[in-house]
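Visitor: Could you walk me through the aromatic rings here, and take a close look at how they pair up?

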Protein chains: 2
Amino acid sequence: NGHCNGVKINGNVPENDNQFLDELYDMMIKEGFEKSRDRNTKVVEFKHPKELKQLIDLEVNKPTDDDRLLNICKDIIKYSVRTGHPRFFNQLFGGLDQYSLGGAWLTETLNTSQYTYEVSPVFTLMEKAILTKMMGYAGFKDGDAIFCPGGSIANMYALNVARYKFFPDVKRLGMQALPKLCILTSEKCHYSIKKAASVLGIGMDNVIPVKADEFGKLIPAEVEANILRLQSEGRRPYLVNVTAGTTVLGAYDPIEPIADICQKYGLWLHVDGAWGGGALISRKTRHLLKGIERADSLTWNPHKMMGAPLQAAAFMTKHKDLLAPCHSANASYLFQQDKFYDVSYDTGDKSIQCGRKVDVLKLWMMWKSRGDLGFEKDIDNLFDCARYLAQKVRDTDGFRLVLENVAPKIKERMTMNGSMLVGYQPDGDRVNFFRMIISNLEITHEDMDFVVNEIDRLGRDL
Amino acid sequence: NGHCNGVKINGNVPENDNQFLDELYDMMIKEGFEKSRDRNTKVVEFKHPKELKQLIDLEVNKPTDDDRLLNICKDIIKYSVRTGHPRFFNQLFGGLDQYSLGGAWLTETLNTSQYTYEVSPVFTLMEKAILTKMMGYAGFKDGDAIFCPGGSIANMYALNVARYKFFPDVKRLGMQALPKLCILTSEKCHYSIKKAASVLGIGMDNVIPVKADEFGKLIPAEVEANILRLQSEGRRPYLVNVTAGTTVLGAYDPIEPIADICQKYGLWLHVDGAWGGGALISRKTRHLLKGIERADSLTWNPHKMMGAPLQAAAFMTKHKDLLAPCHSANASYLFQQDKFYDVSYDTGDKSIQCGRKVDVLKLWMMWKSRGDLGFEKDIDNLFDCARYLAQKVRDTDGFRLVLENVAPKIKERMTMNGSMLVGYQPDGDRVNFFRMIISNLEITHEDMDFVVNEIDRLGRDL
Ligand SMILES: Cc1ncc(COP(=O)(O)O)c(C=O)c1O
Ligand SMILES: Cc1ncc(COP(=O)(O)O)c(C=O)c1O
């Protein structure tokens, strides 16, 4: 220490006064972590924007001492939504596992960028290990993968690498050198497919919505009919997007028959498993993605069903040498080829980003603590709770009939109460209904009972 | 507690055993935070990939007890690069400020997504406050802005919203409904401009490199000459990208004369201040971006010059009503218009993402602790150290002549030594040279002396 190979490194040692961080840590544990997991705490202490502005001192122009800053941190915790709370069912993420939280903290402490082995030696290897493992569950034996800032961007990767695979000219010449491309996807797919098509210069009108059945699953015959129609119109469908776990109904599109169609017509098959990909790690649920090994690519967000903190989203493809040629710009300041180590470990040029946050460590920590079987049990618990809830709703009077304006009203009451959070929305012909999301790995049957009773209580007079 | 409006929330309280997190916290402080700031610690304990694989147990299939996991965490810290170390000059980021670190930890503890006020009340207001402040420094009085996962994606936003502004049809119809677009940018610009053009379906060949002068600054007359040439060829230049702080030489392109040209020809002016935008907050350096208020958009990464942890990158535009119409998909499950609060606070549809990590808190914490003047002083220190180093190099014998293979060799030695990290690369006709990055807010003149002496020592026999 203080010497490298006998040479003094020199320099002064900073004074270490960690009182601020120590106090913040205590607060995060007591007010943040512990309370978020305690069912007797409110999920949210809701304030309207105008009120909240008065309650939190956000102005930064003057310096602020540590005590005052810690007080504001307490307010920040108080008025933030407790997404780790077992009664938070509002979004496709949730839970607050101590190992993933620790991994997330450590990531920040080591603050680095994932682009080169040089600045990210451990995380380069770790990303490779975890992605290889995830590709194994998907049956992508010799593929390639990368963490992206969210499933939307992972889906954009799919549209982009598939386009490049069929039309490599697009990289240099743009869309104008190409035929009139289009994409087929279920009418129930996530909106990120449309956003991606617009960003990529394909255009939202060239995302062709295909009919789903009453359970929200894409109908294979409709896919084929649309391919034929589009081809006859001189358009060039090049990708079918299949959703494994739709955003609103949680439906799993049938992969196998659509893989047959893609094979027949030479189309890329992308599976958007942003939400439902987690089902792959349980032997009980992986049948939901039957045929996944036949897909060309997969989006899978461990920050959704698997309970890792935001952001953790993987894009994977079974085509090994595609990400780098599609995205590379060969920047000579970052990806020098005359480095003294094996530069095949530098992953940066596979990405559309430059600096890339380390997303893998928090997931790795969760997985390492549980092992495969532990993670499998967690996923089984989620599906079990969902089944239990469905049965309970069926068994409870008054829960079938949903009236247009009831959900928003109940939502307001539950938010103001802070007792739980569940999202609502319409879906096609269906009027507003509650969308229960089972994502927190620690929820139980009692939590499901609570949901039903609480909606009943809040809506009794409506 | 335990009651909401007199109704028991019910449910069991989890046992709280925070021993794992407590021990991890101690380790992060001692092995991570304190050592990273201690000049007597090595910057890196370098191992080649093959060795490192043997040294860290990355396999996750079996469950692992806390003690073992903590030991591995220690290894993770040991073999990771200390980017917060004052001798880390390798990348356009660095430093490890206790407030931003605390803010980053708190972000993870509150794990939420930035898309709606509903799940992100505090951070919605905070993002608005900080972005409004940053837009103020840029002179964008009535604009709009958003945090993106990195400057590359922020630059992609610029290319996309400008395209939409001139050709709103692109969103629905794609590039094929448009004239033959192209973009002008300095030959020294960051490679993310090319990557973005390729992703957007514009094509890399339609990114027109424009000559820079010997200091790496874009030559305005060359911009105009190229516009005329391209127009005469029937192509449609629509955006000029100007770099405020180039990646390799740190050059600031002259904004004012290029704003005149953009105005004359009706082109969008984007300023890529990913690296150099921080200069705006000091009265001594903001002249480097003279004319910035005339730009249409700006990329500015507080995770670079301002020392916030990755990722913190803002895209801002002076056009108020552009981000949302350009990127919206109006998902009815997330952005319901019948919510009970003021939905104009929901920012999600301005983004190309769906889930969006909270990037603002760590920056807010830094700023709140320092105030404007404190932050200004930090920036002044960086520029002062850079000037001091330049003088020192000029005054030191043997530092002019750079031979082709010297930099990679010295780089290997410094990495193996772990005494410091500086990147190298060629630039046009210039052979490999060291690119010194002054980004850590706490570095001093002594650190600059160390750099010169250390390169001299490591390269003496070459
Ligand atoms: C099916 C599906 N795909 C993609 C996404 C987008 O993922 P992200 O929010 O990480 O961008 C979502 C988000 O809810 C989703 O449900
Ligand atoms: C001038 C410039 N623009 C953009 C970027 C990209 O920023 P990011 O790494 O956050 O994607 C960089 C990165 O070094 C840069 O130097």
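Guide: Sure, let's go through the ring pairs and then the charges that sit over rings. Keep in mind that this is a predicted model, where local features need pLDDT of at least 70, side-chain atom pairs count only at pLDDT 80 or more, and totals for chains, interfaces and linings use all residues. Residues are numbered from 1 along each chain as its sequence is written, chains are lettered from A and ligands numbered from 1 in the order in which they are written, and side-chain values use heavy atoms, with hydrogens and water left out.

Over all chains there are 34 aromatic pairs (rings of Phe, Tyr and Trp, the last by its six-membered ring, with centres within 6.5 Å; planes under 30 degrees apart are stacked, over 60 edge-to-face, the rest tilted). One of them joins A:Tyr117 and A:Tyr341, a tilted pair at 5.4 Å centre to centre with 45 degrees between the planes. A:Tyr117 sits in the loop between helix H4 (98-109) and helix H5 (121-138) of chain A, and A:Tyr341 in the loop between helix H11 (323-327) and helix H12 (360-395) of chain A, so the pair ties together parts 224 residues apart in sequence (helices are DSSP runs of H or I, at least four residues, numbered from the N terminus). A:Tyr117 and A:Tyr341 are both buried (under 20% relative accessible area; exposed is over 50%, partly exposed in between, with a 1.4 Å probe and protein chains only).

A:Phe166 and A:Phe167 make another tilted pair, 6.4 Å and 55 degrees. A:Phe166 is partly exposed at 29%, while A:Phe167 is buried at 15%. The charged end of A:Arg236 also sits over the A:Phe166 ring, 5.3 Å from its centre (CZ of Arg or NZ of Lys within 6 Å of the centre and within 35 degrees of the ring normal).

Note on methods:
Helix = DSSP H or I, 4+ residues; strand = E, 2+ residues; numbered from the N terminus.
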